Amino acid sequence: MADLIQAGNASEAWLAAMELMLSRDGKAVNLNVVFPADADGHEALNGVVDGFIAEHDVRYQDGNLLLVETVANTIFPQALYHPHLGDQAASRLYENYALSMRVHRRRKNDKETYFNRLLAYPVGTGAMGESEVKLEKDGTWNQLAYYVERLRKQRETLHRSSSYELGISHPMDAELRVQAPFKDKRMGSFPCLSHISLTLVDDRVHMSAVYRNQTFITRALGNYLGLTRLLEFIATETGAAPGELQVLATHADAETGLGVVAIRDLVKRGRSLIDPGTAQEAAHVQ
Amino acid sequence: MTNVEQILIEQLAYVRAIEQLELEAAITEAGGDIELDSKEGQTVAIRVEIALDMDGLIRPEDQTRENLTTLSSLMALIESRRAEHEEEN
């Protein structure tokens, strides 16, 4: 049976999802988590999760720890985006990210990232016909740049239209694909994030992301953070406000295999950070 | 300031989209070293590699958080790899 979690921010959403799964067998199917992208989460929770990751020595194949910011960086590299550059901000981000990938690809494993799939989706050659879409020489397509530009133009056109002034809602959408048929053939391997949908309504851009499998200790909080930052980028570049972020995990895993007692303690400590009253009550019950 | 240090600071200023003087002031204020985001570290590393015209300077095993997330460690890595590169050629 599907579950819907509506929360005030990413941290609360993650905690509620963990508590739900821990109240069962540690897993869920069609777990749907929704929160506003412009609400600040609780940064201290990231530190608690990072502490758990370090203590349990959970690492990427390349040997680096699976820290929340590291996971978030695979979806959106916040440090490379500088909105104060105005019209040049997005192109500077794309330029620097493409360069960083030249180093990243030298790794023995882990040669791809989610953000790179948005900037360099492997379309192949000769498939686009007379399409307005332009591919790079290597057959990749910067779908993010394409849809940001398209949404921005559509939004500006509607601003000028009488229908917009009358307050009629015109939803516009875009589809960002991560999973690449024929290229991504290995079960249980990259990418877990398959697809991102964008919907622009009344000057707010909303995002829906679909994971075929989402692990909650090692990925989900970083996923939420990265997706939030990606949505903020898209909103800034289209001149809209960030709206709601929905993340659907068709299969969600609280990763109790890392130690169910330790994970229950992690969640309890997280809850005490966000809602000290609840934690005191819990401590009292103990 | 060494040649590598000069190039590294120029490239980091570009990646951060700030003036070089502003970056140098921040480094001084922080006591001579600053933290880098790991993606920022990768980007600056490849930009320095291009500026030095030394393709492949950064090796797969170099891509650790320890090497890429402070200015001093990135500089030490690049200096070390450049010395090896020059010896080999």
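Helices and strands are here runs of residues assigned by DSSP, with at least four residues for a helix and at least two for a strand, and they are numbered from the N terminus. With that in hand, let us walk through this predicted model, starting with chain B.

**Chain B: a chain of helices**

Chain B has 5 helices and 0 strands. Read from the N terminus, its elements follow the order α-α-α-α-α. How compact is chain B for a globular protein of its length? Its radius of gyration is 12 Å, close to the 12 Å that the globule rule gives for 89 residues, so chain B is as compact as a globular protein of that length. If you follow the C-alpha trace along its principal axes, chain B spans about 35 × 25 × 20 Å.

Two percentages add to this picture. Of the 89 residues in chain B, 30% count as buried. Among the contacts in chain B with a separation of 6 or more, 67% are made by residues 24 or more positions apart.

Now look at the start of the chain. Helix α1 (residues 3-16) and helix α2 (residues 20-29) of chain B pack with their axes 9 Å apart, at an angle of about 105°. An angle from 65 to 115 degrees counts as roughly perpendicular, and therefore α1(B) is roughly perpendicular to α2(B). On the α1(B) side, the residues that meet α2(B) are B:Ile9, B:Glu10, B:Leu12, B:Ala13 and B:Arg16, and their counterparts in α2(B) are B:Gln20, B:Leu23 and B:Glu24. By class, this contact of α1(B) with α2(B) holds 4 nonpolar, 1 polar and 3 charged residues.

**Where the two chains meet**

Chain B does not stand alone: 17 of its residues are in contact with 21 residues of chain A. Which helix gives the largest share of the side of chain B that touches chain A? That is α3(B), with 8 residues. Sorted by class, the side of chain B that touches chain A has 6 nonpolar, 5 polar and 6 charged residues.

One helix pair lets you see this meeting up close. Helix α4 (residues 89-104) of chain A and helix α3 (residues 38-52) of chain B have axes that come within 8 Å and cross at roughly 85°. That crossing makes α4(A) roughly perpendicular to α3(B). In α4(A), the residues involved are A:Asn96, A:Leu99, A:Ser100, A:Arg102, A:Val103 and A:His104; in α3(B), they are B:Lys39, B:Gln42, B:Thr43, B:Ala45, B:Ile46 and B:Arg47. This contact of α4(A) with α3(B) is made up of 4 nonpolar, 5 polar and 3 charged residues.

**Strands in chain A**

Chain A offers some strand pairs to explore. The table sets two of them side by side.

| Strand pair in chain A | Sense | Bridges | A facing pair |
|---|---|---|---|
| β6 (residues 193-201) and β7 (residues 204-211) | antiparallel | 8 bridges | A:Ser197 and A:Ser208 |
| β7 and β9 (residues 241-253) | parallel | 7 bridges | A:Val210 and A:Leu248 |

β6(A) and β7(A) form a hairpin with 2 residues between them. One of the residues in that turn, A:Asp202, has a positive phi of about 50°. A:Asp203 is placed in the loop between β6 and β7 of chain A, and its phi is near 65°, a positive value in a residue other than glycine. Why pause over these angles? Most residues other than glycine have a negative phi. A:Asp203 counts as partly exposed because 15 C-beta neighbours lie inside 10 Å.

Chain B has a residue of this kind too. B:Asp53 sits in the loop between α3 and α4 (65-68) of chain B, with a positive phi near 55°. Is B:Asp53 buried or exposed? With 7 other C-beta atoms within 10 Å, B:Asp53 is exposed.

**A closer look at A:Ser194**

Finally, return to strand β6 of chain A, where A:Ser194 lies. A:Ser194 has 16 other C-beta atoms within 10 Å, so this residue is partly exposed. Which residues does A:Ser194 contact, leaving aside its neighbours within four places in sequence? They are A:Val178, A:Gln179, A:Val210, A:Tyr211 and A:Arg212. A:Tyr147, 47 residues away along the chain, has its C-alpha atom 17 Å from that of A:Ser194.

Notes. Residues are numbered from 1 along each chain as its sequence is written. Chains are lettered from A and ligands numbered from 1 in the order in which they are written. This is a predicted model: local features need pLDDT of at least 70, side-chain atom pairs count only at pLDDT 80 or more; totals for chains, interfaces and linings use all residues. Axes are lines fitted to C-alpha atoms, for helices over the stretch in contact, and angles run from 0 to 180 degrees between N-to-C directions. Angles under 35 degrees count as roughly parallel, over 145 as roughly antiparallel, 65 to 115 as roughly perpendicular and the rest as oblique. Two residues are in contact if their C-beta atoms, placed from the backbone, lie within 7 Å. Ala, Val, Leu, Ile, Met, Phe, Trp, Tyr, Cys and Pro count as nonpolar, Asp, Glu, Lys and Arg as charged, and the others, Gly among them, as polar. The radius of gyration is taken over C-alpha atoms; the globule rule is 2.2 Å times the number of residues to the power 0.38. A residue is buried if 20 or more other C-beta atoms lie within 10 Å of its own, exposed if 12 or fewer, and partly exposed in between; C-beta atoms are placed from the backbone. Two strands pair if DSSP finds at least two bridges between them.
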